[in-house]
Amino acid sequence: MDTITAIIVEDSRLARNELKVLLKKHPQIELVAEAENVDKAYELINRKQPQVLFLDINMPEKNGFDLLEMLDNVPITIFTTAYDEYAIKSFEYNAFDYLLKPINQDRFSKTIEKVIVAIEKEATEQKPFELHRQIFIKDGENCWLIRISEIAVFEIVGNYTRVYFEDNKPLIYKSLNQIESKLPEETFFRANRQQIINLNHVDKVVPWFNGKLKITVKDSNQEIEVSRRQSYKFKDLLGF
């Protein structure tokens, strides 16, 4: 397989160097950038689009969780921190793994092995669904067999994704990134970090604050705020 691109976000130069030493034993991982703070990391991630993010939590001004909140598309995230009290919160952000400093080489290697397996699996599942394809959804005792085209919105809810269609909104145990990779990109649009919308279900688009857009979904009172960066893409997509 091709190399897997990664970025390190860590305010300590010593800690960054320690991670780079650990990575030397894994030539499958290509380090494409490193950042010592959240703002620099945000710019690098948007420009480089890495597959993996090694992310410290405690940093000056903004922390690792702040960075994830800023991103529309979050890479596979491996937290690297000296503190274990953030472990539960990290998995609320769909963290792939949580490594405590000082990081043990064997523990690090196991994480890299899991990353490679996950990316290889994702690559085999990249072929998008056709709009007419039917999928089976089960939430508790309720079951549905619906066409992809009938789904209006996908929305993150913790470790789950809520699926909106007709008057239903069941939860499924899949990440939004997993779902996005299977959706036809000419029809489904990532409005922000939390939501993907079906363009065929858009009823109304209005300008919003700070260059953002607000979308109203057909046959629904649901309103979705498009992030500023995604608003530019949305305008280009629809020729605004």
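**Exercise 1. Follow the hairpin of β13 and β14.**

Task: How many residues lie between β13 and β14 in their hairpin, and which residue in the turn has a positive phi?

Solution.
- Start at the turn. β13 and β14 form a hairpin with five residues between them. Asn210, in that turn, has a positive phi of about 55°.
- Fix the terms. Strands (E, at least two residues) and helices (H or I, at least four) are DSSP runs, numbered from the N terminus. Two strands pair if DSSP finds at least two bridges between them.
- Know the model. This is a predicted model, in which local features need pLDDT of at least 70 and side-chain atom pairs count only at pLDDT 80 or more, while totals for chains, interfaces and linings use all residues. Residues are numbered from 1 along each chain as its sequence is written, and side-chain values use heavy atoms, with hydrogens and water left out.
- Count the bridges. Five of them join β13 to β14 (residues 213-217), and the two strands run antiparallel.
- Read the opposing residues. Val202 stands opposite Val217 in β14. Val205 faces Ile215 of β14.

**Exercise 2. Complete the sheet.**

Task: Which strands are the edge strands of this sheet?

Solution.
- Get the order. Three strands form an open sheet, β13-β14-β15, with antiparallel pairing.
- Find the edges. They are β13 (202-207) and β15 (223-226), since each pairs on one side only.
- Check the twist. Neighbouring strands are turned by 25° against each other on average, direction ignored. Axes here are lines fitted to C-alpha atoms, for helices over the stretch in contact, and angles run from 0 to 180 degrees between N-to-C directions.
- Add the second pairing. Four bridges join β14 to β15, again antiparallel. Leu213 stands opposite Val226 in β15.
- Look at the second hairpin. β14 and β15 have five residues between them, and Asp219 takes a positive phi near 55°.

**Exercise 3. Judge the burial of β14.**

Task: Why is β14 described as largely enclosed by the rest of the structure?

Solution.
- Set the cut-offs. Buried means under 20% relative accessible area, exposed over 50%, and partly exposed in between (1.4 Å probe, protein chains only).
- Apply them. Five of the five residues of β14 are buried, so the strand is largely enclosed by the rest of the structure.
- Sort the directions. Leu213, Ile215 and Val217 point one way, Lys214 and Thr216 the other way, and all are buried.
- Move to the next loop. Gln222 lies between β14 and β15. With 15% relative accessibility, Gln222 counts as buried.
- List its contacts (heavy atoms within 4.5 Å). Leaving out residues up to four places away in sequence, Gln222 touches Val153, Glu155, Tyr164, Gln195, Ile215, Thr216 and Val217.

**Exercise 4. Place helix α7.**

Task: Which strands does α7 lie across, and which of its residues are buried?

Solution.
- Position the helix. α7 (residues 228-238) lies across β13, β14 and β15, at about 70° to β14.
- Pick the buried residues. These are Gln230, Ser231 and Phe234.
- Test for one face. Seen down the axis of α7, the buried residues fall within an arc of 105°, so they line one face of the helix. The arc is that of the directions from the helix axis to the C-beta atoms.
- Name the cover. It includes β11 (188-190), β12 (195-198), β13, β14 and β15.

**Exercise 5. Check the backbone in the loops.**

Task: Where are Gln49 and Glu61 found, and which residues does a cis peptide bond join?

Solution.
- Take Gln49. This residue sits in the loop between α2 (38-48) and β3 (52-55). Its phi is near 50°, a positive value in a residue other than glycine. Gln49 is partly exposed, at 46% relative accessible area.
- Take Glu61. This residue is in the loop between β3 and α3 (64-70). Its phi is positive, about 70°, although Glu61 is not a glycine. Glu61 is exposed, with a relative accessible area of 80%.
- Find the cis bond. It joins Lys101 and Pro102, with omega about -10°. Pro102 lies in the loop between β5 (97-100) and α5 (105-124).

**Exercise 6. Step back to the chain.**

Task: How many helices and strands does the chain have, and what share of its residues count as buried?

Solution.
- Count the elements. The chain has seven helices and 15 strands.
- Give the share. Of the 240 residues, 44% count as buried.
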